[in-house]
Amino acid sequence: MSCLVAFAVGEKYTIGNGFHVIAAHTGSQCFKLKPKSASSKSCYLMVNVQTYGGGLWHTWFGRDLNVAGRIIVRKSDGSSLQKLVKVKKSLFRIPTLAIHLDWLVEAKS
């Protein structure tokens with residue numbers, strides 16, 4: 001997530017005339033890992049995720065995914081430190097259902 005805010009006040013500005021503010025917001029669709037979400041089932045290690053943004057989620061399924069983002073590390077003295085990480089190795093895959101099982105997802109919605 002990021003935010004960009006810009007404004008300009010001209011040389012001929014006088015108090016009370018107002019000014020224009022232009023702003024924009026950018027964001028990328030992604031899956032965010034939930035804190036403390038790891039679990040295992042049927043010999044698979046799983047992590048719970050939540051969606052961010054209005055993505056076309058089916059395009060993410062069946063692909064190798066890696067991890068990137070900001071983490072907070074607790075140091076030995078009790079203070080915390082923020083770090084940016086990017087794991088280049090593919091760690092995750094969100095499986096997609098076979099086409100003949102799509103009715104299960106539609107029935108639950």
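## A look around a β-rich predicted model

V5, Y13, I15, F19 and V21 together make a nonpolar patch of about 550 Å² on the surface. One member of that patch, Y13, sits in the loop that runs between β1 (2-7) and β2 (21-26). Y13 counts as partly exposed because its relative accessibility is 34%, which falls between the 20% that bounds buried residues and the 50% above which a residue is exposed.

**Confidence and layout**

Keep in mind that this is a predicted model. The average pLDDT of the protein chain is 79, and 83% of the residues score at least 70. Where is confidence lowest, and where is it highest? The low end is helix α1 (residues 102-108), with a mean of 56, while the high end is strand β8 (residues 80-93), at 91.

As for the fold elements, there are eight strands and one helix in the protein chain. Reading from the N terminus, the order is β-β-β-β-β-β-β-β-α, so it's the helix that closes the series. The chain has 109 residues, and 5% of them count as buried.

**The aromatic cluster**

Searching the whole structure turns up three aromatic pairs. Take F31 and W57: their ring centres are 4.8 Å apart and the planes meet at 50 degrees, so this pair is tilted. F31 belongs to strand β3 (residues 30-33), whereas W57 is in the loop between β6 (49-52) and β7 (64-74), so the contact ties together parts that lie 26 residues apart in sequence. W57 is buried, because its relative accessible area of 19% is under the 20% cut-off.

F31 has another partner, W60, and here the arrangement is edge-to-face, with 5.3 Å from centre to centre and 90 degrees between the planes. That pair also links distant parts of the chain: F31 is in strand β3 and W60 in the loop between β6 and β7, 29 residues apart. W60, at 22% relative accessibility, counts as partly exposed. Put F31, W57 and W60 together and you have one aromatic cluster.

There's a charge-over-ring contact to look at as well. K32 lies over the face of Y52, 4.7 Å from the ring centre.

**A salt bridge and some long-range neighbours**

How many salt bridges does a search of the whole structure find? The count is one. The partners are D64 and R93, whose closest N and O atoms are 2.7 Å apart. D64 is in strand β7 and R93 in strand β8, so to speak distant parts of the chain, 29 residues apart, that the pair links. Both ends are partly exposed: D64 has a relative accessibility of 47%, and R93 has 46%.

Next along the chain from that arginine, I94 is placed in the loop between β8 and α1. I94 counts as partly exposed, at 22% relative accessibility. Its C-alpha atom is separated by 8.1 Å from that of L65, with the two positions 29 residues apart along the chain.

Back in strand β8 you'll find L84, which counts as exposed at 70% relative accessibility. L84 is 15 residues from G69 in sequence, and in space the two are 5.6 Å apart, C-alpha to C-alpha.

**Two positive phi values**

Most residues other than glycine have a negative phi. Which residues here go the other way? K36 has a phi near 50 degrees, a positive value in a residue that isn't glycine. K36 is in the loop between β3 and β4 (39-41), and at 88% relative accessibility K36 counts as exposed. C43 is not a glycine either, yet its phi is positive, at about 65 degrees. C43 is found in the loop between β4 and β5 (44-46), and C43 counts as exposed too, at 85% relative accessibility.

**Accessibility at a glance**

The table gathers some of the residues discussed above.

| Residue | Relative accessibility | Class |
|---|---|---|
| K36 | 88% | exposed |
| C43 | 85% | exposed |
| L84 | 70% | exposed |
| D64 | 47% | partly exposed |
| R93 | 46% | partly exposed |
| Y13 | 34% | partly exposed |
| W60 | 22% | partly exposed |
| I94 | 22% | partly exposed |
| W57 | 19% | buried |

Definitions and conventions:
Residues are numbered from 1 along each chain as its sequence is written. This is a predicted model: local features need pLDDT of at least 70, side-chain atom pairs count only at pLDDT 80 or more; totals for chains, interfaces and linings use all residues. Side-chain values use heavy atoms; hydrogens and water are left out. Patches are made of residues with over 30% relative accessible area and no salt bridge: like charges are joined within 9 Å, nonpolar side chains (Val, Leu, Ile, Met, Phe, Trp, Tyr) within 5 Å. Accessible areas come from the Shrake-Rupley method with a 1.4 Å probe; for residues, only the protein chains shown count as cover. A salt bridge is a side-chain nitrogen of Lys or Arg within 4 Å of a carboxyl oxygen of Asp or Glu. Helices (H or I, at least four residues) and strands (E, at least two) are DSSP runs, numbered from the N terminus. Buried means under 20% relative accessible area, exposed over 50%, partly exposed in between (1.4 Å probe, protein chains only). pLDDT is the predictor's confidence in each residue, from 0 to 100. Rings of Phe, Tyr and Trp (its six-membered ring) pair if their centres lie within 6.5 Å; planes under 30 degrees apart count as stacked, over 60 as edge-to-face and the rest as tilted. A charge sits over a ring if NZ of Lys or CZ of Arg is within 6 Å of the ring centre and within 35 degrees of the ring normal.
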